[in-house]
Amino acid sequence: DVEVGETVRLYVGNGGVNLSSNFHVIGEIFDKVYREGDLLSPPAQGLQTTLIPAGGAAVVEFTADYPGNYVLVDHALSRLDRGAWGVLHVEGEADPTIFEGEIESGHGH
């Protein structure tokens, strides 16, 4: 279990021998993605899904902003029946302003 406000870091490996994985946490956007497990280079930012090659890995980070159950999937969703999914449970106080707030353009548009 994770508490609202905590940073989550997941180390995700793809043990498959020939299929890539399209890793995604439903309801989250990754703040940082260390592609192919590369912790030395600057991470990608703001990704929803990341490609993990066969035999490879990635490290993803995000902040758990809202309580609930977040499903971890390989976005090749046909693999759900083969067990390619998990659930991250986030506990804590709900912040309704997350869904009621204003959208900022941020770039003067």
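How much area does the protein expose, and what share of it do carbon and sulfur atoms supply? I started my notebook with that one: about 7200 Å² is exposed, and carbon and sulfur atoms supply 51% of it. The areas come from the Shrake-Rupley method with a 1.4 Å probe, and for residues only the protein chains shown count as cover.

**Ground rules**

I am working on a predicted model, where local features need pLDDT of at least 70, side-chain atom pairs count only at pLDDT 80 or more, and totals for chains, interfaces and linings use all residues. I number residues from 1 along each chain as its sequence is written, and side-chain values use heavy atoms, with hydrogens and water left out.

**Entry 1: overall picture**

I looked up the secondary structure and found 1 helix and 8 strands. These are DSSP runs numbered from the N terminus, with helices being H or I of at least four residues and strands E of at least two. Along the sequence I read the pattern β-β-β-β-β-β-β-β-α.

I noted the extent of the C-alpha trace as well: about 45 × 35 × 25 Å along the principal axes. Of the 109 residues, 29% count as buried; for this label the relative accessible area must be under 20%, while exposed means over 50% and partly exposed lies in between (1.4 Å probe, protein chains only).

For contacts I use heavy atoms within 4.5 Å. Among contacts with a separation of 6 or more, 67% come from residues 24 or more positions apart.

I then checked the charges, with Lys and Arg as positive, Asp and Glu as negative, and His and the chain ends not counted. Each charge is placed at NZ of Lys, CZ of Arg, CG of Asp or CD of Glu. There are 5 positive and 17 negative charges, and their mean positions are 15 Å apart.

**Entry 2: the sheet of 5 strands**

Next I traced the sheets. Strands of a sheet pair through backbone hydrogen bonds, either parallel or antiparallel. I count two strands as paired if DSSP finds at least two bridges between them.

One open sheet has 5 strands in the order β1-β8-β7-β3-β5, with mixed pairing. Its edge strands are β1 (2-3) and β5, each pairing on one side only.

I followed β7 (residues 68-74) to its partners. Strand β3 (residues 21-25) runs antiparallel to β7, joined by 3 bridges, and valine 25 has leucine 72 of β7 as its bridge partner. Strand β8 (residues 85-91) is also antiparallel to β7, with 6 bridges; here valine 73 has tryptophan 85 of β8 as its bridge partner.

**Entry 3: the sheet of 3 strands**

In what order do the strands of the open sheet of 3 strands stand? I read β2-β6-β4, with antiparallel pairing. β2 (7-13) and β4 (32-34) are at the edges with a single partner strand each, so one side of each has no neighbour in the sheet. The twist averages 15° from one strand to the next, where axes are lines fitted to C-alpha atoms, for helices over the stretch in contact, and angles run from 0 to 180 degrees between N-to-C directions.

I also looked at β4 with β6 (residues 57-63): 3 bridges join this antiparallel pair, and valine 33 stands opposite valine 60 in β6.

**Entry 4: valine 8**

Is valine 8 buried or exposed? I found this residue of strand β2 to be buried, at 6% relative accessibility. Leaving aside neighbours within four places in sequence, valine 8 contacts Val2, Val60, Glu61, Phe62, Ala64 and Leu88. Leucine 19 is 11 residues from valine 8 in sequence, yet their C-alpha atoms are 26 Å apart.

**Entry 5: glutamate 36 and alanine 57**

Most residues other than glycine have a negative phi, and most peptide bonds are trans. I therefore flagged glutamate 36, whose phi is positive, near 55°, given what most residues other than glycine show. Glutamate 36 is in the loop between β4 and β5 (49-52) and is exposed, with 62% relative accessible area.

Alanine 57, in strand β6, is partly exposed at 30%. Its C-alpha is 5.0 Å from that of glutamate 36, with their positions 21 residues apart in sequence. Beyond neighbours within four places, alanine 57 contacts Val12, Gly13, Arg35, Glu36, Gly37 and Ile52.

**Entry 6: glycine 15**

My last stop was glycine 15, in the loop between β2 and β3, which is exposed with a relative accessible area of 73%. Proline 53 is 38 residues away along the chain, and the two C-alpha atoms are separated by 9.1 Å.
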